[in-house]
Amino acid sequence: MTEKKVHFLHALLVFAGLFALIATGMFVLDHLLHVVLFAGVVWTALHATYLGFRYETIRAMMSSAISRALPAIYIFLLIGLVIAALMKSGTVATLIYYGLDWMSPAVFLPVGFVLCALMSLLTGTSWGTVGTLGVVFMGIGVAQDMPLYWVAGMVVSGATFGDKMSPVSDTTNLAAMSAETDLYAHIRSMMMTTIPTFVIVTLIFAGVGFGLSSEAGDSAQVANIQVALADEFNLNPLITIWPVVVMVLLSYRRVAAEVSMTACVAVAVVIALLFQDVTFQEMSQALWSNKAAETGVENIDQLLGRGGLFSMAWTLLLALIAIALGGILQGAGFVLALLGGLVAVIKRTGSLVAATIGSGLLTVAALGEGYIAIILNSQVFKKAYERKGIDSAVLSRSVEEGVTLLAGLIPWTTAGAFYAATLGISVLEFAPYALLNLLNPLVAIVFAYLGIAIIRSADKKIKN
């Protein structure tokens, strides 16, 4: 049977059905996303079959997509091990203990935001930042009775900043390469929209933190938590900080994420066995499925009991189904048909930037992970930017603002599922408070319509 070409209206029908299924699963069927996404796989496969694709070909589309996502899957599993190891080594407890001394509720959000941004900028990984500093800040937030949705939004905002801007970030390099622009031209282009947003977000977090400080826990409660942590763990920072130091140094030297995370786990395990009175059996059990600590403070006990391979199972299964679904959408041509129809009607520069960002959101939601969405949108929109004489660094910037920034705000993407599993709070709860992720695309669109930060390919000057 000959395979038919996908038309725009057919692609629109497929996507409309998918989003209807997802909305039903999230808001009617009590967040049964795994089942709903499986139904989406069936729905999309039936349409691919109608186009003439054989079952073997459809299965190959799904398998190919999962194969491309294997590096992210490896990191999923390793982050579960990292969190459990950092809990048992006393690293997280130490950082919470000392963090409570110098991070008052009034400055917690802006300072935490800047620290997460710096760590992700140095290491180039939002996932590593969320899995280390993010977990610590959630613990401090629990101890200070801060609203955890604000804390998680702050962590994701800071972590994503570096993932987008760092020259050692995989998405930064991929976006520059896909749009065929110089890496540092890409970063300079992103600075034009991201730095103003960063300043705005820092000020908002400062204002919110000042308002929340009066509602935070009292000093006696904080002191009780510190005493409980000191009774349970050896909190010598010269010992317990080494797992994080090792991971940051290796990441900064561009050692593969899997290697740096494995080294972090190894160092943390040694510290737990030698300095935290943890037996080998307890350590092994924690690496599989950690259990609550026994400090006597319930919220802290639950936090310190997180991590382990099994803790990532829900997230990993969700990501695998979503990526398989994305494989069919891309392989059968539904994504290209939909985007091609949208690009054809774009006239203004502002509309082109807005469409690129919107398309990034649509494709990362459809495909479940950001790498293919970055490549695909760069390919689809490249000719449109060239026709308008706009430098490819604007294309790469817009792709990142639609994909890298927004991927973590979608529950079924690899990034969204990872953040939720790691921070222990649902995407829908923290997404409205991930201010950098939300405001940066809006700033970019407004700038584009005003003619600000639009680099022309002919003279490389910024049009004001």
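Q: Taking a disulfide as a pair of cysteine sulfur atoms within 2.5 Å, how many does the structure hold?
A: This is a predicted model, where local features need pLDDT of at least 70 and side-chain atom pairs pLDDT 80 or more, while totals for chains, interfaces and linings use all residues. Residues are numbered from 1 along each chain as its sequence is written, and side-chain values use heavy atoms, with hydrogens and water left out. The sulfur of Cys116 has its closest cysteine partner in Cys264, too far off for a bond. So the disulfide count, with that pair 16 Å apart, is zero.

Q: Is Cys116 buried or exposed?
A: Buried means under 20% relative accessible area, exposed over 50%, and partly exposed in between, using a 1.4 Å probe on protein chains only. Cys116 comes out at 0%, and Cys264 is at 0% too, so it's also buried. That makes Cys116 buried.

Q: Which residues does Ser178 contact, leaving aside its neighbours within four places in sequence?
A: Ser178 sits in helix α9, residues 170-178 (helices are DSSP runs of H or I, at least four residues, numbered from the N terminus). Ser178 is buried, with a relative accessible area of 15%. Counting heavy atoms within 4.5 Å as contact, the partners of Ser178 are Ile374, Ile375 and Ser378.

Q: How are the rings of Trp127 and Phe418 arranged: stacked or edge-to-face?
A: Rings of Phe, Tyr and Trp (its six-membered ring) pair if their centres lie within 6.5 Å, with planes under 30 degrees apart stacked, over 60 edge-to-face and the rest tilted. The structure holds 12 such aromatic pairs. In this one the centres are 4.4 Å apart and the planes at 10 degrees, so the rings of Trp127 and Phe418 are stacked.

Q: Which helices hold Trp127 and Phe418?
A: Both residues, Trp127 and Phe418, are buried. Their pair ties together parts that are 291 residues apart in sequence, because Trp127 and Phe418 lie in two helices, residues 126-143 and 414-423. Respectively, those are α7 and α22.

Q: What about Phe161 and Phe198: which kind of pair do they make?
A: Phe161 and Phe198 are both buried. Phe161 belongs to helix α8 (residues 148-165) and Phe198 to helix α10 (residues 183-212), so they tie together parts 37 residues apart in sequence. With ring centres 4.8 Å apart and planes at 45 degrees, the pair is tilted.

Q: Which residues form one aromatic cluster with Phe161 and Phe198?
A: We've just seen that Phe161 and Phe198 pair up as tilted rings. The other members of their aromatic cluster are Phe113, Tyr149, Trp150, Phe205 and Tyr433.

Methods
A disulfide is a pair of cysteine sulfur atoms within 2.5 Å.
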